[in-house]
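Welcome, and thanks for taking a look at this one with us. Please bring up the chain in your viewer, and then work through the notes below at your own pace.

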Amino acid sequence: MFMTFPPRKHGRVFGVSKSPETNNLALTGVVFQPFEEVKKEELDIPVVPQVSLARQKYTDGCEAAINEQINVEYTVSYVYHSLYAYFYRDNIALKGLAKFFKESSEEEREHAEKLMEYQNIRGGRVKLHSILMPPSEFEHAEKGDALYAMELALSLEKLTNVKLLSLHNVAEKNNDAQMAEFIEREFLSEQVEAIKKISEYVAQLRMVGKGHGVWHFDQRLLREGDAA
């Protein structure tokens, strides 16, 4: 910036210039002095081998909540794997449902692994909790096994959504914008889509009942994805 003043004696023009740094301070009030600011204690680099070098503004509460969600994803995956084994039996022989639950189990396990990767990226420690043993029998006298299993899956997906929203709430309470964005981007939209898809399966199975319609529904599941 250059300021001029009216001519004086001998026609000279006097001016005063401002440095870019001074001008920037006048506009924003912010001055970046990196070699001074890195001296702050919160920016110290740990020297203890057991402490993460990457961890920054990642609270113990967020770390614990991520580990709890890992357990949720693995537990749901375990239930789906049990459902896969049930429907793949020779005396059940609903291979479309077996395929669906096997893929669902793998997807939930991928979610758990994605959370484990995130935990390491933020400098937390992954702590795997115990997983409850799922049931191995899914026959239901009134509903039949196909409808009963799909309603169970819908309940599990809704429960997982509740847990994800709670995890997001933990991130917001701890002012962890990056963690909140990660949950929104990687999980929340996909979760509501899964709930919608399984809701439709439940509605269809309720319409076909326990008879021959279940076999046709199963065949459709078996063919899904083959064209792709």
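Which residues in α7 are buried? They are Val214, Phe217, Asp218 and Leu221. Bear in mind as you read on that this is a predicted model. The chain's secondary structure comes to seven helices and two strands, and the briefing starts from that overall layout before returning to α7.

**Overall layout**

- Starting at the N terminus, the order of elements is β-β-α-α-α-α-α-α-α.
- The chain has 228 residues, and 33% of them count as buried.
- Taking contacts between residues at least 6 apart in sequence, 71% join residues at least 24 apart.

**Helix α7 (212-223)**

- α7 is made of 12 residues, and its first and last C-alpha atoms are 17 Å apart, close to the 16 Å expected at 1.5 Å a residue.
- Val214, Phe217, Asp218 and Leu221 are the buried residues here; they lie on the same side of α7 because they cover an arc of only 100° around the axis.
- An α-helix has 3.6 residues a turn, so residues three or four places apart point the same way.
- Packing partners for the buried residues of α7 come from α4, α5 and α6.
- His212 and Arg223 are exposed, and they sit on the face of α7 turned away from its buried side.
- Glycine 225 follows α7 and has a positive phi, near 90°.

**Nonpolar cores**

- The largest nonpolar core has 28 residues, and the members that touch the most others are Leu83, Phe87, Leu97, Phe101 and Met150.
- At least two residues of this core come from each of α3 (60-87), α4 (95-121), α5 (145-173), α6 (177-208) and α7 (212-223).
- The most generous contributor is α5, which gives seven residues to this core.
- Which residues does phenylalanine 101 touch, not counting residues up to four places away in sequence? The list is Tyr80, Leu83, Tyr84, Phe87, Ala149, Met150 and Ala153.
- There is also a second, separate core of 18 residues, with Leu115, Leu164, Met179 and Ile183 among them.

**Helix α4 and the largest pocket**

- α4 has 27 residues, which should span 39 Å at 1.5 Å a residue, and its end C-alpha atoms are indeed 39 Å apart.
- Just after α4 comes glycine 123, with a positive phi of about 90°.
- What is the volume of the largest pocket? The computed value is about 350 Å³.
- Its lining consists of 17 residues, and those nearest the centre of the pocket are Phe100, Ser104, Glu107, Ala194 and Lys197.
- α4 and α6 each supply at least two residues of this lining.
- α4 gives the largest share of the lining, seven residues.

**Positive phi outside glycine**

- Lysine 57 is not a glycine, yet its phi is positive, at about 50°.
- You will find lysine 57 in the loop between α2 (34-37) and α3.
- Lysine 57 is exposed, because its relative accessible area is 62%, and the cut-off for exposed is over 50%.
- Alanine 93 is not a glycine either, and its phi is positive, at about 55°.
- The loop between α3 and α4 is where alanine 93 sits.
- With a relative accessible area of 42%, alanine 93 counts as partly exposed.

**Pairs distant in sequence**

- Leucine 159 belongs to helix α5 and is partly exposed, with a relative accessible area of 44%.
- How many residues separate leucine 159 and valine 76 in sequence, and how far apart are they in space? They are 83 residues apart in sequence, while their C-alpha atoms are 9.7 Å apart.
- Alanine 64 is part of helix α3, and its relative accessibility of 37% makes it partly exposed.
- Alanine 64 and leucine 167 are 103 residues apart in sequence, with 9.9 Å between their C-alpha atoms.

Technical notes: Residues numbered from 1 in each chain as written. Predicted model: local features only at pLDDT ≥ 70, side-chain atom pairs only at ≥ 80, totals over all residues. Heavy atoms only, no water. Core = buried A, V, L, I, M, F, W, Y, C linked by side-chain atoms within 4.5 Å. Buried < 20%, exposed > 50% of the residue type's maximum accessible area, 1.4 Å probe, protein only. Helix = DSSP H or I, 4+ residues; strand = E, 2+ residues; numbered from the N terminus. Contact = heavy atoms within 4.5 Å. Expected span 1.5 Å × (residues − 1). Arc of directions from axis to C-beta. 1 Å grid on protein atoms, 1.4 Å probe; cavity = no way out; pocket = protein on both sides within 12 Å on 5 of 7 lines; lining within 4 Å. Points joined across faces, edges and corners; volume = space filled by probe spheres on them.
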